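Please look over the structure below before reading on. The report takes up packing and empty space in turn.

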Amino acid sequence: MTKASQQTFPRQKQPRKVKTKPAAATAPAGLGKPTRARKVAPEARRQAILKAALTVFAAHGFEAARLEDVAARAGVAKGTLYLYFRDKEALFEALVRNAVSPLLEYMSQVAAAPDIQPLQALETFFAMFQKEVLGTERKLLLRLIMAEGPRFPAIAEFYYREVVSHGLRMMRAISKRAASEGAFATDAPARYPQLVVAPLLVAVLWDGLFAKIDPLDVGGLLDAHREVLTGRAHRGST
């Protein structure tokens, strides 16, 4: 072997490897950091659907109301709505129960309380109706029944069974007590409890049709109604 072949070459220094951190992922422009979707409790979602349903039913009527509009207003997918209610009729029935059942339960307790006089029970009923029906969106549901019931007997029958029959039974019991104790001038309200609630229905109709033209003094109307029932002026009247 020649010297040339034995010649060695200096070893080349290998470039030093530099450890680098992976580049941080950047979100597409306008998106910002991803956030975890907030979980909504099933009952809260159900209540949101019912609230949206009342608005849609009141605006369009029972027949024209569309479930996709209810879902959109509630902020849920239409498929999600079907997880809670099988169809539009089931949604309507749930809406009625949700709106009215607490009021019926409360009045049932008042009517059955032995230490509450009949006229006191009626005062409580009138005050509750003014505050919780005329003073809230519940009045929209009652208007809907009045308007749509004749065309859709099924929803009218449901409302009668779930609401009206219970209310009339309570009014009849209160009126019988009032007549037997001499608090009512006649026993007619015991025979026709519709007489007791008639001015309240007038108030709901008037509010929807004529309130902007000629507002109704509901308090004054109820004072006059008490006078008719009892045969004497109400202490709050002037």
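What follows covers the nonpolar core, the largest pocket, the largest cavity and one buried serine.

## Model and nonpolar core

This is a predicted model. Its largest nonpolar core has 58 residues. Inside that core, Phe57, Leu91 and Phe92 have the most contacts. Helix 2 (42-64), helix 3 (67-74), helix 5, helix 6, helix 7, helix 8, helix 10 and helix 11 (218-230) each give two or more residues to this core. Helix 5 supplies the largest share, eleven residues. In soluble globular proteins, nonpolar side chains tend to be buried together.

Phe57 deserves a separate look. Setting aside neighbours within four places in sequence, Phe57 is in contact with Leu91 and Phe92. Its other partners are Phe62, Ala65, Lys88, Leu95 and Leu144.

## The largest pocket

The largest pocket holds about 540 Å³ of space. Helix 5 (88-112), helix 6 (118-134), helix 7 (138-148), helix 8 and helix 10 (194-209) each give two or more residues to its lining. The lining has 23 residues. Phe125, Phe129, Tyr159, Val163 and Leu201 lie nearest the pocket centre.

Helix 8 gives the largest share of the pocket lining, seven residues. What is the chemical make-up of the lining of the largest pocket? It divides into 20 nonpolar residues, two polar and one charged.

## The largest cavity

Rolling a probe the size of a water molecule over the atoms shows where empty space is left. The structure holds one cavity of 30 Å³ or more. The volume of the largest cavity is about 30 Å³.

Its lining consists of Val96, Arg97, Val100, Ser101, Leu104, Glu162 and Val163. Helix 5 and helix 8 each give two or more residues to that lining. Helix 5 contributes the largest share, five residues. By class, the cavity lining has four nonpolar residues, one polar and two charged. Val163 lines the cavity and is also among the residues nearest the centre of the largest pocket.

## Ser175 in helix 8

Ser175 belongs to helix 8 (residues 153-180). Is Ser175 buried or exposed? Ser175 has a relative accessible area of 1%, so it counts as buried, the cut-off being under 20%.

Which residues does Ser175 touch, not counting those up to four places away in sequence? They are Phe184, Pro189, Ala190 and Val196. Of these contacts, Val196 falls within the span of helix 10 (194-209).

Conventions: Residues are numbered from 1 along each chain as its sequence is written. This is a predicted model: local features need pLDDT of at least 70, side-chain atom pairs count only at pLDDT 80 or more; totals for chains, interfaces and linings use all residues. Side-chain values use heavy atoms; hydrogens and water are left out. Helices (H or I, at least four residues) and strands (E, at least two) are DSSP runs, numbered from the N terminus. Buried means under 20% relative accessible area, exposed over 50%, partly exposed in between (1.4 Å probe, protein chains only). Contact means heavy atoms within 4.5 Å. On a 1 Å grid over the protein atoms alone, a cavity is a set of points where a 1.4 Å probe fits but cannot get out, and a pocket is an open set with protein on both sides within 12 Å along at least five of seven lines; lining residues have an atom within 4 Å of a point. Grid points are joined across faces, edges and corners, and a volume is the space filled by probe spheres set on the points. Ala, Val, Leu, Ile, Met, Phe, Trp, Tyr, Cys and Pro count as nonpolar, Asp, Glu, Lys and Arg as charged, and the others, Gly among them, as polar. A nonpolar core is a set of buried Ala, Val, Leu, Ile, Met, Phe, Trp, Tyr and Cys residues joined through side-chain atoms within 4.5 Å.
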